[in-house]
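Reader: Hi! I'm new to looking at proteins, and I'd love a close look at one part of this one. Could you take me through it slowly?

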Amino acid sequence: CVKWGFHPLTIENMKKCEGGCIVSQLALFGGEKTKKTPFGTGKRFGQEELQQLKEALDQNTLFYWSGTKVKELNRKFAEMYGKDYCVAVSSGTAAIHVALGTVGVTAGDEVITSPITDMGSIIGILYQNAIPVFADLDPHTYNLDPKSVEEKITDRTKAIEVVHLAGNPADMDAIMEIAKKHNIKVIEDCAQSYMCNYKGRLAGTIGDVGCFSLNDFKHISAGDGGMCLLPDEESYVRAFRFADKNYNRFSKDPDETRKIDFLAPNYRMSELQGAVGVAQLDKLESICERRNIYGDRLSEGIKDLPGIYIPKIEQGNKSSYWFYMFRIDEEEAGVSRDEFSKALSAEGVPNQAGYIPACVYEYDMFKNKNAYNGTDCPWGCKHYGKEIEYYTGMCPTAEEILKTAIRLTVNEFYTMEDCDEVIQSIRKVAEYYKTER
């Protein structure tokens with residue numbers, strides 16, 4: 001029995017027809033959708049960015065070493081994170097590569113990392129002719145499971161690259177303890193996790209190097225760009241040189257400047273990127289705070305629904321929600337993940353079934369071991385001398401996360417009304433299928 005457009009928020013509020021059946025209808029089946037108004041929007045860039053760009057252009061140079069904007073961005077970012085040293089680079093991918101070069105990852109080394117991440121987390125490992133090794137994840141935080149990390153350590157392990165996914169910090173105490181025990185380095189990939197708080201400390205300040213992205217889809221943007229936080233002057237100099245073709249710009253001797261003892265890429269940030277980054281940085285704390293309020297409110301609004309598992313933010317931690325991802329237990333919820341996703345879209349809430357299409361190790365490049373086209377490098381490199389295989393089933397929890405997850409967009413311009421309507425939509429869909437079953 002159907003009553004078009006009826007929007008129950010709880011099973012108890014659902015009306016019944018004369019025959020006693022539930023009279024609620026999803027928009028997917030012709031009912032009125034819950035989210036009718038557009039989501040809140042706003043301008044990310046304004047006069048502040050224009051003023052910084054004008055100042056950069058007025059310098060009559062856009063080269064980072066000659067200008068002031070990249071230097072200012074490094075200083076302000078380091079201060080915000082309570083560090084003394086920061087190196088700005090051309091992208092978040094470049095930041096990871098610089099971090100790997102800084103801690104000494106090279107041919108034949110292994111780097112343990114997450115199977116649910118962007119390729120930007122992996123490219124630098126392969127560029128160093130090192131071997132990516134994938135550890136499994138916690139089913140509710142979607143971050144590295146320390147137990148799985150330790151199981152993956154071998155005599156070749158040089159570093160752990162921790163991906164703080166979607167603004168939620170990983171279990172850094174356990175990971176740092178493992179790293180100390182085995183004398184390996186820790187790189188924090190914070191591309192999705194600005195101002196992400198782990199037990200009173202900011203993600204990116206706990207490991208050996210913290211890496212961030214300024215591409216156009218992150219909390220703040222300079223079009224592209226990246227940042228590396230360093231713990232001391234020695235690592236700062238190594239990172240600075242690695243990002244700039246291994247040139248020693250600290251030397252006043254021109255011959256010393258170009259004294260190159262090993263290969264390093266060119267990942268320099270331009271003054272234009274630096275200028276926009278300076279202006280964006282002033283907005284960062286406010287952006288992350290608004291996202292945190294929105295994401296936490298979503299969790300509070302749907303945490304009691306059967307078959308719905310919200311992202312777990314451990315006690316003492318704080319997420320900055322680059323996106324919001326919850327999971328569906330299909331048996332408990334009485335509906336498939338894909339149908340739930342379609343029903344939620346019909347209610348006016350854009351979403352994505354899953355996140356990336358598959359775990360990174362399931363990509364053809366890994367299954368075929370074809371990073372450098374037509375060769376088996378780095379896996380066949382003489383400096384490695386081991387066999388490693390990538391296969392479906394290698395990280396079962398990570399694979400299950402991708403099969404059961406639904407991803408929602410979070411934006412600092414969204415309103416509390418938007419949030420409440422999303423909550424109502426999720427509740428409507430969940431309760432419909434639970435009742436139908």
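Leaving aside its neighbours within four places in sequence, which residues is Arg297 in contact with?

Author: Sure, but some ground rules come first. This is a predicted model, where local features need pLDDT of at least 70, side-chain atom pairs count only at pLDDT 80 or more, and totals for chains, interfaces and linings use all residues. Residues are numbered from 1 along each chain as its sequence is written, and side-chain values use heavy atoms, with hydrogens and water left out.

Now, your residue. Setting aside neighbours within four places in sequence, Arg297 is in contact with Met416, Cys419, Asp420 and Ile423; contact means heavy atoms within 4.5 Å. Take Cys419: 122 residues separate it from Arg297 in sequence, yet their C-alpha atoms are 7.4 Å apart in space. Arg297 sits in helix α10. (Helices are DSSP runs of H or I with at least four residues, strands are runs of E with at least two, and both are numbered from the N terminus.) Arg297 counts as partly exposed because its relative accessibility is 35%. The cut-offs: buried is under 20% relative accessible area, exposed is over 50%, and partly exposed is in between, with a 1.4 Å probe and protein chains only.

Helix α10 (284-302) also gives two or more residues to the largest nonpolar core, as do α2 (69-80), β1 (85-89), α3 (92-102), β8 (209-213), β9 (226-230), α7 (233-242) and α9. Such a core is a set of buried Ala, Val, Leu, Ile, Met, Phe, Trp, Tyr and Cys residues joined through side-chain atoms within 4.5 Å. This one has 53 residues, and Phe77, Val87, Tyr194 and Met227 touch the most other members. Its largest share, six residues, comes from α3. Tyr194 has plenty of contacts beyond four places in sequence, including Phe77, Leu284 and Cys288. Apart from this core lies another, of 46 residues, with Trp322 and Tyr384 among them.

Helix α3 turns up again around α4. Six of the eight residues of α4 (residues 120-127) are buried, so the rest of the structure largely encloses that helix. Those buried residues, among them Ile122 and Leu126, pack against α3 and also β2 (110-113), β3 (131-134), β4 (157-163), β5 (185-189) and α13 (364-367). Just after α4, Asn129 takes a positive phi of about 55°.

Let's stay with β2 for a moment. Both of its faces are covered, with Glu110 and Ile112 buried on one side and Val111 and Thr113 buried on the other. Four bridges join β2 to β3 in a parallel arrangement, and Ile112 stands opposite Val133.

There's an antiparallel arrangement too. Four strands form an open sheet in the order β10-β12-β14-β13; two strands pair if DSSP finds at least two bridges between them. β10 (308-309) and β13 (351-353) are at the edges with a single partner strand each, so one side of each has no neighbour in the sheet. Three bridges join β13 to β14 (residues 405-409), with Gln352 standing opposite Arg407.

One last stop, before β13. Glu347 is in the loop between α12 (337-346) and β13, and it counts as buried because its relative accessibility is 0%. Beyond four places in sequence, Glu347 touches residues including Leu26, Lys33, Ser425 and Val429.
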